[in-house]
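Biologist: I am new to this structure and should like to learn how its features are read. May we go through them one at a time?

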Amino acid sequence: MPGPSPGLHRALLGLWTALGLGLLSLSAVTQEPFWADLQPRAALVERGGSLWLNCSTNCPRPERGGLETSLRRNGTQRGLRWLARQLVDIREPETQPVCFFRCARRTLQARGLIRTFQRPDRVELVPLPAWQPVGENFTLSCRVPGAGPRGSLTLTLLRGPQELIRRSFAGEPPRARGAVLTATVLARREDHGAKFSCRAELDLRPHGLGLFENTSAPRELRTFTLPPEPPRLTAPRLLEVGSEGPVSCVLDGLFPVSEAGVYLALGDQRLSPNVTLEGDVLMVTTTATASAEQEGARQLVCNVTLGGESRETRENVTVYSFPEPHLTLSEPNAPEGTIVTVTCAAETQALVTLDGIPAAAPGQPAQLQLNATENDDRRGFFCDATLEVDGETLSKNRSVELRVLYAPRLDDSDCPRSWTWPEGPEQTLRCDARGNPQPSVHCTRPDGGAVLALGLLGPVTRALAGTYRCTATNDQGQAVKDVTLTVEYAPALDSVGCPERITWLEGTEASLSCVAHGVPPPNVSCVRFGGAEVIEGLMLVAREHAGTYRCEATNARGSAAKNVAVTVEYGPRFEEVSCPSNWTWVEGSGRLFSCEVAGKPQPSVECVGSGGTSEGMLLPLAPPDPGSTAPRIPSDLAPGTYICNATNRHGSMVKIVTVSAESPPQMDESTCPSHQSWLEGAEAAALACSARGRPSPQVSCSREGAPRPQRLRVSREDAGTYRCLATNAHGTDARIITVGVEYRPVVAELAASPPGGVRPGGNFTLTCRAEAWPPAQISWRAPPGALNIGLSSNNSTLSVAGAMGSHGGEYECAATNAHGRHTRRITVRVAGPWLWVAVGGAAGGAALLAAGAGLAFYVQSTACKKGEYNVQEAESSGEAVCLNGAGAGAGRDAGAEGGSEAAGASEVPAGGEVFAIQLTSA
């Protein structure tokens, strides 16, 4: 047997909870009355669903109990004081089950309420009319059968997504089911094709359930507008058998015009319409064709249908038969002199007229006769027929042309004897002959040469010029004529008749002539550029005749112009301006000797040395053309006399040239050193600078920036940068000189740190600063027995760590360079308690005995590089040891040089507890 469902578990859990609470209450209050309980007391179940009910009591031993309901049951479970039952297929809108127990001769009851709900599974929108006229009302009706409870329903009518009306059925009885919503809507043009639908909402969220929605299938509305006026029908009133007539039918104000149907018919014949839509206008066009069976009065019908309604128009059309008249010639192609008969007739009772002459009666023909001549060729004859139909007179006509056959004729108007055409443009060569049949014309040269292509468009060339014989031929005979063709063309100046360049020789006779080609023969004239005089005849050639001339040839077809360059040649000639007799070559200038010689063609020039150092040497010349390659510029040129020879094909000429050599100023390190030194206090002197060059350059030097003041002795302020300038006729040369002023050393500062007192074991530092150029070397002399002394890398600072009494005394700083030596002294005193004084005195005495009397200890910067005192060496030997480990001899030598500064007195404080250093300098 399957286990209990989850609903049963929940019911049993609620039952046990109720029993437990009942027992607790019973134990606490013994006089409480008994009761019966039903869970759930109120329930909302989907129609056709199931529900577990739990019936319980607090009676300790109920006699009997049960659950009364009209609903179907599926299973029951029992306990002593409870009963659980499953109700299935619940369809009643509302039922009230009763839970009861018999206890202590009393009946305990509990009533419940079960209601059902049904989802809006069916939402129906009543079908809409097939077509709805615009401006009239229609009904929207929505049905939702069975859904409920109705009080939780809301129905909404929709046009697309737009809500038209929304209604809630709140307040309806709980047992009410299903709902209907109806609305009246005015049809509009924009409603055409709109989708209408209905949405149903069952809101059970207040009962702990959800919101159930459903929407009906959309229904499309079709609206229309059909005006009350009939369509406008246009058609011909008369229609001839076998002919076509245009028919049109127009109706305005249709909507939707694309849905309209059209019916067009002529009598029993339905026509095929061509429909055109423009806005709300329906335009129908077609062509009506009448047949012989339709002859007589017929009706033309146009019917327009839309939305189940129609509008119709009828018009009367008369169909008639009226064939064209017959026009005949007895001889359509008659030889000249033949008699020709012309006849005009009609098949119906029409009245015919031939060239304005009517027939005797309707239905009878009209005739005329003529003797054919050349003038009758292509003569036209006109036949007209008239017929009355339905009160309207109709007319038809026909024409015919007579052809007369005759021999060819060549007239001057159609084939001229002389043709004159310009060369180049395309022409149609015509020589037309009269005749019937049309003659063929051929034009050829009598000598059997060229043939003219008559009647074709083509370019005219000079080769076509000449006399031709033209022959016209047809089957009636032939005609012959001679014609002359002249081709005219503009002048041309070619290189043979008018060369572009002409060369004349100075002093000879010459003339400027140009021959031009052209038809008609051109006139030629030549004028020099910039002038107006025409050059004619022979002239004696001079240089001024050289230049450019413009020759122009002119005839009726145009003109041609050409530039002619005339060159006048002559022998070489020297000019002092372009080839001087004296020339100075400047070294390094890059200039070459320019010797330009007049002459045509350009003479070649060569200059050769004559005598002295230049004997046989070639003098390099500057090329006359700037674009030519110049010869190599010499670095050295021998001065002297050179003979220059100029030659061309018309002769030669000689000139003597004297060449001298000079050079611009030049200074270098050998003549003007870039670094120079002066000694302070020496007598003021000028910079040592000179320059090479021809002529000898002048040299002047000045200080850059602030000018150097005038003084007799050299001062440090004279140091700086100087600019020396050398000048001669060929240029300048400049050089920058750096001047340094050297001076003797001076110890500018000797100081101790700390400036106050020092105790034994304390630290102190001595600083020595010297001014000198070149920079001075620093050396020290320390008191005898002073141990553990340290020096900085450049010896400018002396430091002691852990001062003792032996460190007290006089210290000397010496500054030395190539120009002298200067010293300065400072006294250091170490003071303290008597115990320290005694110890210090003993130690000092021992050190003095070890070192020997009268020995001096020096510290020299050049020998002491290590920067510390070697205590062991000082104690083991009788000499003072350098602070960097070197011997003391150097220190003694240094101490012997230079001056000294007097040491001051030192003071010892009275208390005996303060150590002090007293520094005194003179």
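Modeller: Let us begin with a pair of residues: both Glu240 and Lys396 are buried. Buried stands for under 20% relative accessible area, exposed for over 50%, and partly exposed for what lies in between (1.4 Å probe, protein chains only). The model is a predicted one, in which local features need pLDDT of at least 70 and side-chain atom pairs count only at pLDDT 80 or more, whereas totals for chains, interfaces and linings use all residues. Residues are numbered from 1 along each chain as its sequence is written, and side-chain values use heavy atoms, with hydrogens and water left out.

Biologist: What does Glu240 form with Lys396?

Modeller: Side chains of opposite charge can pair when their charged atoms come close. A salt bridge here requires a side-chain nitrogen of Lys or Arg within 4 Å of a carboxyl oxygen of Asp or Glu. Glu240 and Lys396 form such a salt bridge, with 2.3 Å between the closest N and O atoms. Glu240 belongs to strand S22 and Lys396 to strand S37 (residues 392–409), so that this pair links distant parts of the chain, 156 residues apart. Strands are DSSP runs of E with at least two residues, numbered from the N terminus.

Biologist: How many salt bridges does a search of the whole structure find?

Modeller: The search finds 50 salt bridges. One of them joins the side chains of Arg189 and Asp280, at 2.9 Å from N to O. Because Arg189 lies in the loop between strand S16 (179–186) and strand S17 (195–203), and Asp280 in the loop between strand S26 (274–278) and strand S27 (281–289), the pair ties together parts 91 residues apart in sequence.

Biologist: Are Arg189 and Asp280 buried or exposed?

Modeller: Each falls in between: Arg189 is partly exposed at a relative accessible area of 35%, and Asp280 is partly exposed at 26%. A further salt bridge joins the side chains of Arg417 and Asp412 at 3.5 Å, N to O; Asp412 is partly exposed, with a relative accessible area of 47%. Salt bridges can also be read as a network, as with Arg159, Arg188, Glu190 and Asp191, which are linked in one.

Biologist: Which strands form the open sheet that includes S22?

Modeller: Two strands pair if DSSP finds at least two bridges between them. Five strands form this open sheet, in the order S22-S29-S28-S24-S25, with mixed pairing. Strands S22 (238–240) and S25 (269–270) are its edge strands, each pairing on one side only. Within the sheet, strand S24 (residues 261–266) and strand S28 (residues 296–306) run antiparallel and are joined by six bridges. There, Ala265 stands opposite Val301.

Biologist: How does strand S51 pair with other strands?

Modeller: Strand S51 (residues 558–574) pairs in the parallel sense with strand S45 (residues 501–505) over five bridges, and Thr503 faces Thr567 across that pairing. With strand S50 (residues 547–555), S51 runs antiparallel and shares nine bridges; a hairpin of two residues joins these strands, and Glu552 has Ala561 as its bridge partner. S51 also pairs with strand S53 (residues 597–600), antiparallel over three bridges, where Phe574 is partnered by Val597.

Biologist: How many disulfides does the structure hold?

Modeller: A disulfide is a pair of cysteine sulfur atoms within 2.5 Å, and the structure holds 14 disulfides. In one of them, the sulfur atoms of Cys526 and Cys551 are 2.0 Å apart, and the link is right-handed, with 110° about the S-S bond. Cys526 lies in strand S48 (residues 523–528) and Cys551 in strand S50, so the pair ties together parts that are 25 residues apart in sequence. Cys526 is buried at 4% relative accessibility, and Cys551 is buried at 0%.

Biologist: Which disulfide is left-handed?

Modeller: The link of Cys415 and Cys431 is left-handed, with -90° about the S-S bond. Their sulfur atoms are 1.8 Å apart, and both Cys415 and Cys431 are buried.

Terms used. Helices (H or I, at least four residues) and strands (E, at least two) are DSSP runs, numbered from the N terminus.
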